[in-house]
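Student: I should like a close look at a single part of this structure, namely the surroundings of the ligand. Please describe them in one connected account.

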Amino acid sequence: MYNILIVGAGFSGAVIARELAQSNKYNILVVDERNHIAGNCYTQRDNETGVMEHVYGPHIFNTNNQNVWNYINRYGEFMPYTNKVKAVTKSGIFSLPINLLTINQLFKKSLNPQEAEAFILSLGDKSIIEPKNFEEQALKLVGRLIYETFFKDYTIKQWGCDPKELPASILKRLPIRFNYDDNYYNSKYQGIPKAGYTQIISNLLDHPNINVKLNTKYNSDWNKNYNHIFYSGPVDAYFNFSKGKLGYRSIYFERNIFDGIDFQGNAVINYCSNDVSFTRIHEHKHFAPWEEHAKSLYLKEFSKETGFGDIPFYPKNLAYDKHLLLKYKKLVHMEEKVSFVGRLATYRYMDMHQVIEEALIIAHNFVDYKKNEQCGNFRSLSINI
Ligand SMILES: Cc1cc2nc3c(=O)[nH]c(=O)nc-3n(C[C@H](O)[C@H](O)[C@H](O)COP(=O)(O)OP(=O)(O)OC[C@H]3O[C@@H](n4cnc5c(N)ncnc54)[C@H](O)[C@@H]3O)c2cc1C
C-alpha cells in the first residue's frame, strides 16, 4: 500500500481520494484546515428555519458532461432545479440573463427575436474597433444604456475597481439571448442535491482506505511520510508566498432570518446599482422548492479585497497575477511528488463539474501510472496553470 496525503476535503480532494481508494492500493489521509468537509460547497441545515444553507454562497450543479453527471448521481440524489435570476436596477426589476423580455421591458418595445438582434446591434458603439478594456467591450457589444443599467456598478462592486481597469476578455461574447429563455445556465443537466453537498462529499469519503482529519493545516514537513501528495490549497500559500500574493476577491454575507414564508420570491436577486453596497441577495429555501418551511433565511452578499484570514474566492487574474503565476508555475514543476489540483492550486475559477472532471482524470492517470511504474514520481497533468 502506498501512502497518499490529500490536502483539502472539497470536491477535488474527495473525488481523488475516492478513486484512489477504490483501487485498493493506497492508504489515504485527507486533511482540511476547516472544521468541516466539502470546502466551499459545504451545506448545513439552519437550526432556526430548518432551511438547507449553502454556507459559502449558493451552489447550483450544472454540466453538459454526462459522465460527470452520472458519477455525481451515484453519491447523492439530485432534484431538478432551474436557476432564474432577477436584477434590481435603477430602471426597475428585470430578468437575467438579459433576454427578449429584458430588452422589451427596458426599452418599452415589443420586438421579436430578429428585430431585437438588429436593435441591439444598432446600439453598439461603432467607434470602438479594438476594445481596450471591459467597459469598451461592453459599450461595443450592447451600448451605453444596457451597460450602465446592468454591468457598470455591479462590476465595480464585485471587482472593486473601475471597469476600465479590467481586461476586455472578461466579456467575451454578447451576454444576451434573443428569446424568452431565462434559465441562467445553458447546461444539459442541472440540479441541487436533495440532502445537500456535504452529504455527497461525505459519501465520497466513506471508504475503509480513507481517513479524514479536520482542523488540520497542511505542513510540507509531512511530505517525506507520503509517496504522493495531492494539494488543493492556494498555490502561493504552498510556497509561503515567496514570489508574492496572488490577487483574489473575497465575499462575505450578512445573514438574516425572515419571520414569514417568503422574503423575496426568488432564490437569487442581483442588485445592479450602487444605491446599495451588496451585490445580491440569496434566499436559500428557494434552492429546495420541494421543502416547506414556515420561516426563511436570506443572505446579503458583499464583495471585498481578500485581507489576512479571509477566504480567497474569485481569482482576479490581472496582469500582475498572471506574471506571478508564471513564477509559481516554475516552482510547481520542480515539486517532485506533489500534484496541484482544483480551483485554488491552479488559480482558476472552476465550477463543480469542471473540478470533478479534472479530479477523475488526475486520479485515473495516477492509478494507471502506478500500475506501470513501481517507483518514481508521478508528474501530474494537473498543472493547467
Ligand atoms: C460564491 C460561489 C458560488 C459558486 N457557485 C457555484 C455554482 O453555482 N455551481 C458550480 O458548479 N460551482 C460554483 N462555485 C464553484 C465551487 O465552489 C468550486 O468549483 C469548488 O468548491 C471547488 O472545489 P475544490 O475542491 O477545488 O476547492 P474548495 O472547495 O475550495 O476546497 C479546498 C479545500 O482545501 C482546504 N485547504 C486549503 N488550504 C489548506 C491547507 N493548507 N491545509 C489544509 N486544508 C487546506 C480548504 O479549507 C478547502 O476546504 C461557486 C463558488 C463560489 C465562491
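Tutor: In this predicted model, the ligand is surrounded by 33 residues, of which S12, D32, H59, M350 and M352 come nearest. By residue type, the shell around the ligand consists of 17 nonpolar, ten polar and six charged residues.

Three helices each supply at least two residues of that shell: α1, which spans 11-22, α9, which spans 342-345, and α10, which spans 352-372. The most is given by α9, which contributes three residues.

The polar contacts of the ligand may be taken by atom type. On the oxygen side, S12, one of the residues that come nearest, places a polar side-chain atom 2.7 Å from an oxygen atom of the ligand. On the nitrogen side, a polar side-chain atom of Y349 lies 3.2 Å from a nitrogen atom of the ligand. For D351, an N or O atom in the side chain is 3.1 Å from a nitrogen atom of the ligand. Taken on its own, the ligand has 1000 Å² of accessible area, and the protein covers 96% of this.

To restate the picture, the side chains of S12, Y349 and D351 each place a polar atom at the stated distance from an oxygen or nitrogen atom of the ligand. Around the ligand, the shell of 17 nonpolar, ten polar and six charged residues draws at least two residues from each of α1, α9 and α10.

Key: Residues are numbered from 1 along each chain as its sequence is written. This is a predicted model: local features need pLDDT of at least 70, side-chain atom pairs count only at pLDDT 80 or more; totals for chains, interfaces and linings use all residues. Side-chain values use heavy atoms; hydrogens and water are left out. A residue is near a molecule or strand if one of its heavy atoms lies within 4 Å of it. A polar contact is a pair of N or O atoms within 3.5 Å; within protein, one must be able to donate a hydrogen and the other to accept it, and residues adjacent in sequence count only if both atoms are side-chain atoms. Accessible areas come from the Shrake-Rupley method with a 1.4 Å probe; for residues, only the protein chains shown count as cover. Helices (H or I, at least four residues) and strands (E, at least two) are DSSP runs, numbered from the N terminus. Ala, Val, Leu, Ile, Met, Phe, Trp, Tyr, Cys and Pro count as nonpolar, Asp, Glu, Lys and Arg as charged, and the others, Gly among them, as polar.
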